[in-house]
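User: Could you take a close look at one part for me? I'd like to see how a few neighbouring helices pack together.

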Amino acid sequence: MEQLEEEGRTFMQVISEKYSPENFPYRRGPGVGVVVPIIGPQGSPMKDRLNLPSVLVLNGCGISRAGDQAEIAAFCAHVMELDLSDNKLRDWHEISKIVSNIPNLDFLNLSSNPLHEATLEPSCAEAFSRVRRLVLNNTQVSWDTVNAMTREIPELEELFLCLNKYTTVSPSTASCASLRLLHITDNHLQDWAEVRKFGAMFPGLDTLVMANNSLSSIQDSGDTLQRLFPHLRSINLHNSGLHQWEDIEKLNFLPKLEEVRLKGIPLLESYTNTERRSLIIAHLPSVNNLNGSAVSDSEREDAERFFIRYFLDQPPEMLPYRYHCLVTKYGKLEPLAVVDLRPQFHARVEVHCEDKVEELSIRLDQTVAELKKQLRAVVRLSANNMRLYYIAKDVDIAFGPEEMKYSTRALHSYSIRDGDELLVVPKTK
């Protein structure tokens with residue numbers, strides 16, 4: 001028993017247990033509680049024994065071997081997606097036995113299987129030729145294995161190589177022109193000399209996801225970038241080590257680039273969130289989506305104007321290239337007027353009572369009743385014996401004084417400013 005546990009279970013054992021009619025007795029059909037024949041992509045043609053969907057999720061099931069290949073071929077002919085992550089598969093020969101008998105397989109996830117020492121022979125690699133989306137995260141597979149796969153899969157579109165501890169990239173002798181998405185986050189690709197190899201390996205690349213790689217800089221010239229990644233539309237550089245605006249500006253040389261993700265980079269640490277977004281948008285005129293949010297025309301114009309003003313006081317030798325482009329577009333803008341929008345807590349007002357005028361500082365966080373108490377010593381009237389009016393200095397005189405008749409109303413609600421007037425009128429008996 002212990003030896004069987006060490007060896008693991010077979011693929012066929014697991015699907016026989018997980019999808020047996022006893023464990024999954026109900027399915028759509030004319031009868032209730034019976035297994036119904038279904039021919040086509042939604043159900044297994046081997047209806048008498050197993051109840052298999054076209055998407056098989058068998059993660060963490062202890063699978064290490066294929067099992068009977070004839071049964072795999074019989075039961076899985078309709079299967080299109082297969083998740084074998086977090087199992088005990090360490091032999092490509094066993095994996096190929098599974099995959100070669102699933103003729104319609106489009107998606108294969110082998111993440112977190114112990115494949116770091118496994119060697120993929122060309123004869124085994126041929127078994128994967130129909131797969132379009134391949135996930136090899138946290139497998140530590142070698143680049144020799146990756147390249148063998150890409151050579152044998154003529155229509156591979158998506159490749160996931162995250163968490164594989166790569167520090168370098170070993171290019172293939174043949175390119176994989178069909179690949180559109182490369183997801184290679186959480187590795188150790190710090191040198192652009194390694195990243196640039198993806199251009200020749202995957203010339204049709206549309207999306208490059210390289211978050212959490214500590215990439216230090218983008219070292220190629222504009223012409224080289226344009227040649228290496230002519231179709232790259234989206235790039236994710238979250239948590240990279242970029243620390244110069246020149247690296248951001250180089251992204252403009254990617255001719256099809258529309259979407260960029262750039263959170264958590266050293267260059268932007270000293271800026272506020274608003275400054276970060278505005279400065280990046282202004283640097284990248286062709287990008288219409290930043291960090292997952294669309295960039296509108298009005299946001300772009302605001303960002304570009306902000307960019308000009310942000311660098312106004314810089315010496316000429318420190319001005320970025322983009323600054324001169326934007327000055328040509330908008331002209332050299334004047335700094336925005338500084339407007340203090342903080343609420344006032346005090347105001348100096350003129351208090352008028354009959355023929356007496358006195359300047360007084362009042363607190364704006366108090367009520368009308370509290371203000372009347374303050375005025376008693378100034379106008380020599382009791383609070384109950386005064387009527388109080390507010391006169392705004394800059395308001396049309398046609399509106400006249402506003403009587404402050406509500407004793408609990410806060411003074412700040414009148415928008416009292418320095419220089420305004422308070423008129424105190426004694427109540428007639």
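Analyst: Here's a walk through three helices, one contact after the other. Keep in mind that this is a predicted model.

Let's start with helix H11, residues 273-283, and helix H12, residues 297-310. In general, a pair of packed helices is described by the angle between the axes and the distance between them. For H11 and H12, the angle is about 100 degrees and the axes are 8 Å apart. Angles from 65 to 115 degrees count as roughly perpendicular, so that's the label for H11 and H12.

Who's touching whom? On the H11 side you'll find Glu275, Arg277, Ser278, Leu279, Ile281, Ala282 and His283. They meet Glu299, Arg300, Ala303, Glu304, Phe306, Phe307 and Tyr310 of H12. Sort the residues of this contact by class and you get 7 nonpolar, 2 polar and 5 charged.

Now follow H12 to its contact with helix H13, residues 321-330. Here the angle is about 115 degrees, with the axes 9 Å apart, so H12 and H13 are roughly perpendicular to each other too. Their crossing is left-handed. H12 brings Glu301, Glu304, Arg305, Phe307 and Ile308 to this contact, while H13 brings Arg322, Tyr323, Leu326, Val327, Lys329 and Tyr330. By class, that's 6 nonpolar and 5 charged residues, with no polar ones.

One thing to look for in the 3D view: Glu304 and Phe307 of H12 take part in the contact with H11 and also in the contact with H13.

Conventions. Residues are numbered from 1 along each chain as its sequence is written. This is a predicted model: local features need pLDDT of at least 70, side-chain atom pairs count only at pLDDT 80 or more; totals for chains, interfaces and linings use all residues. Side-chain values use heavy atoms; hydrogens and water are left out. Axes are lines fitted to C-alpha atoms, for helices over the stretch in contact, and angles run from 0 to 180 degrees between N-to-C directions. Helices (H or I, at least four residues) and strands (E, at least two) are DSSP runs, numbered from the N terminus. Angles under 35 degrees count as roughly parallel, over 145 as roughly antiparallel, 65 to 115 as roughly perpendicular and the rest as oblique. Contact means heavy atoms within 4.5 Å. Ala, Val, Leu, Ile, Met, Phe, Trp, Tyr, Cys and Pro count as nonpolar, Asp, Glu, Lys and Arg as charged, and the others, Gly among them, as polar. A crossing is left-handed if the near helix is turned anticlockwise from the far one by less than a right angle, and right-handed if clockwise.
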